[in-house]
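Reader: Please take me through chain B up close. I want its helices, what surrounds them and where the chain meets its partner.

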Amino acid sequence: MELIKLHGIEKTYQMGDISVPVLKGISLTIQQGELVALTGSSGSGKSTLMNILGCLDRPSAGEYWLDGVATSQLSTDERALLRNRKLGFVFQSFNLLARTSALENVAMPLSYTAEHLSDGEIKKRATEMLGRVGLADRLNHHPSQLSGGQQQRVAIARALINHPPVLFADEPTGNLDSRTSEEVLQMFERLNREDGITIIMVTHDPKVAAHARQIIRMDDGLIQNSAPASFPAQQPPGEPS
Amino acid sequence: MRVLTTARTAFTALRRNPLRAMLTTLGIVIGVGAVIAMMEIGAGSKAALNKSIASMGANVLVIRPGTASSGGVSFGAGTTTSLTPLDCQAILRECPAIRNAAPMVRARAQVVYGNRNWVPNNIYGTTPAYLDVQDWSNLALGEPFNERDVLNANRVCILGQTLARELFDGESPIGKEIRIKNIAFRVTGVLSTKGSNMMGFDQDDVILAPWTTIKYRVSGTSLANVNQSTSSATDSVNTLSNLYPSTQTSLYPKQSSVQQANNPMPVRFANIDHIMAAANSAAEISSAIDQITEVLRERHRLQAGEPDDFNIRDMAELTRTLSTTTLLMTNLLLAVAMISLVVGGVGIMNIMLVSVTERTREIGLRMAVGARGRDILRQFLVEAIVLCLTGGAMGIILGHGGSLLVRYLLKWPVETSPSAITLAVFVSAGVGIIFGFYPAWKASRLDPIEALRYE
């Protein structure tokens with residue numbers, strides 16, 4: 001099933017009189033349950049594409065269907081709702097709220113759409129989510145009391161609290177050492193495998209990209225090639241390769 | 001539920017930086033505290049000021065008899081003899097807006113003690129009520145004369161400070177006898193100093209004595225020589241039989257001229273020169289005037305359409321001063337209050353702007369996980385309001401405590417004002433909304449991509 005479909009996406013930034021084209025017509029399709037790495041040198045447009053895919057930005061031209069919804073026509077508020085319900089974000093610098101417990105950090109997205117949930121249910125869901133990322137014993141720790149890997153796992157729990165079908169990770173291992181990076185990447189693989197969550201990672205590190213099943217390489221605003229990883233990870237359940 | 005969640009988010013956010021939140025609130029605490037303290041101290045000062053102006057006689061009404069005229073010739077104010085001591089009693093009894101009233105008889109004569117003499121500005125015959133009407137009840141020495149002295153026309157008097165100085169020169173006047181027109185008066189008391197009145201007259205240059213004594217023993221004023229229009233002068237040997245000229249019935253059988261000449265009887269003229277009445281408060285002066293007019297017209301049997309045979313003067317100048325002062329004080333307090341609240345509000349705005357800048361990444365993150373612009377706006381607005389309300393509550397305590405401290409340490413008059421407290425709560429919430437709006441709006445307009453990238 002096609003979860004993400006791009007057709008002729010262009011993005012041009014206006015720097016005074018000069019227009020700088022960053023994306024020059026990108027068309028691509030990502031199936032549900034994929035684990036995709038978006039790579040490319042810096043300035044290749046991968047972050048811009050990521051912002052458009054994450055509904056944080058609007059393309060200058062072209063069409064983008066997310067789960068069958070044409071997002072180009074959506075208003076700012078509708079896109080916010082879409083982000084809340086269907087997308088999860090994990091950032092390079094974790095972006096956790098300082099001096100706030102892990103539990104509250106994870107529960108934060110719920111305060112924008114889940115008024116129907118009681119305090120108890122919110123707490124239960126956040127606890128459950130932290131348990132899934134292996135931090136059940138760190139519920140009330142503040143970010144400063146957690147290691148980088150643990151912080152990133154809190155961020156992953158936060159991204160998954162609304163059970164989104166897609167998870168975006170922008171250089172998720174950029175601030176981590178190799179051992180913790182490996183842990184985080186294995187967690188991505190596990191989420192992808194066990195829960196069928198589509199994961200899109202932006203990275204310039206080939207070792208990270210190697211964990212993906214599909215690698216999209218970008219160069220100068222265009223997709224250079226979209227190929228299965230040279231040494232693919234395990235097969236997704238129920239989907240023959 | 002939603003409001004509660006937002007408020008809790010705000011509290012959580014504020015708790016993350018308690019020192020900054022406290023410093024921010026300090027502006028509002030001081031602002032609201034200053035407002036409350038100023039309002040309470042100000043209200044107390046205003047009441048004290050009103051009281052002292054009232055003691056100058058702002059509440060006093062003077063009732064004078066009307067103008068007599070004959071053949072088109074007017075004899076000037078106070079020339080009819082229409083007011084009686086009974087009028088004064090009726091006013092006191094029947095006018096609820098009147099606190100006290102005193103009949104007044106005036107005389108001017110030389111006062112002699114030993115080898116000294118003096119002509120005081122005023123020799124007033126009155127009742128002890130006069131002291132209350134003039135707010136002059138605290139005597140410097142001795143005691144005032146009493147109602148019995150008035151009924152018996154006893155020869156007692158109270159001296160003003162000027163007279164005590166001129167006649168006694170340091171000696172205590174209490175119990176001494178002074179002579180007014182060769183009639184000996186025992187001094188029972190000395191008035192406290194009052195100084196000049198607004199017209200520049202020395203108010204201490206006065207003798208107070210029972211009105212009966214002044215009327216019947218000192219003052220020669222009578223119907224015959226005050227009111228030239230009446231024909232009593234032609235009734236040569238005087239009528240003598242009327243105890244009170246105003247009452248029509250004669251107590252004694254009509255005497256012949258010979259009998260009258262043989263048995264002269266003093267006529268007790270019971271008219272008085274004016275009545276001084278004190279209203280309960282400055283606000284009740286106009287209703288007091290209406291009530292007195294009604295009572296006196298009825299007592300004097302005036303028909304509808306007939307002009308009043310008396311006139312009532314209030315201290316309009318003083319009353320006006322009073323209301324101007326009150327207004328001025330109120331405006332002054334309001335101005336000070338506004339300035340301190342604006343200063344507090346600017347402080348809040350300043351810190352909220354810093355907070356928005358500092359938390360740009362947080363805002364970006366919240367937007368990325370699905371917060372809409374208005375969610376961010378509400379969050380920061382609620383934070384500002386929570387800060388302001390907390391500050392307001394602390395300010396109320398601080399201000400109230402401060403004004404109580406002023407009351408106990410400096411002995412200033414202070415009045416608790418619930419309206420100021422309610423006002424402070426609303427104003428501090430208002431300040432939060434007004435000065436919190438711009439930073440909150442700024443936060444809500446951030447671009448999530450830019451905000452997430454912000455270092």
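Author: What follows looks at the helices of chain B, then at the contact with chain A, and ends with a short look at chain A. The model is predicted.

Start with helix α7 of chain B, residues 211-218. Six of its eight residues are buried, so the helix is largely enclosed by the rest of the structure. Which residues of α7(B) are buried? They are Trp211(B), Thr212(B), Thr213(B), Ile214(B), Lys215(B) and Val218(B). A lysine, Lys215(B), is on that list. The cover over these buried residues includes both strands and a helix of chain B. The strands among them are β4 (98-107), β7 (122-126), β10 (177-180), β11 (183-191) and β12 (206-210). The helix is α5 (147-152).

Now the pair α11(B) and α13(B). Helix α11 of chain B spans residues 316-358. It packs on α13(B) at an angle of about 140°, and the two axes are 11 Å apart. How do the two helices lie to each other? An angle counts as roughly antiparallel only over 145 degrees. The pair is therefore oblique. The crossing of α11(B) past α13(B) is right-handed. From α11(B), the contact takes Ile348(B), Met352(B) and Val356(B). From α13(B) come Phe380(B), Ala384(B), Leu387(B) and Cys388(B). By class, this contact has seven nonpolar residues, with no polar and no charged ones.

Next, the contact between the chains. Chain B gives 20 residues and chain A gives 23 residues. On the chain B side, four elements give two or more residues each: α1 (2-15), α12 (360-368), α13 (373-410) and α15 (448-453). So α13(B), which packs on α11(B), also takes part in the side that touches chain A. Helix α12(B) gives the most to this side, with five residues. By class, the side of chain B that touches chain A has nine nonpolar, five polar and six charged residues.

Last, chain A itself. An open sheet of four strands there has the order β2-β1-β4-β5, with antiparallel pairing. Its edge strands are β2 (18-31) and β5 (69-70), each pairing on one side only. Strand β1 of chain A, residues 2-15, runs antiparallel to β4 of chain A, residues 61-66. Five bridges join these two strands. Among the bridge partners, His7(A) is matched with Glu63(A) in β4(A).

Note on methods: Residues numbered from 1 in each chain as written. Chains lettered and ligands numbered in written order. Predicted model: local features only at pLDDT ≥ 70, side-chain atom pairs only at ≥ 80, totals over all residues. Contact = placed C-beta atoms within 7 Å. Nonpolar A, V, L, I, M, F, W, Y, C, P; charged D, E, K, R; others polar. Buried ≥ 20, exposed ≤ 12 C-beta atoms within 10 Å, placed from the backbone. Axes fitted to C-alpha atoms, helices over the stretch in contact; angles between N-to-C directions. Parallel < 35°, antiparallel > 145°, perpendicular 65-115°, else oblique. Left-handed = near helix turned anticlockwise from the far one by under 90°. Pairing = 2+ DSSP bridges.
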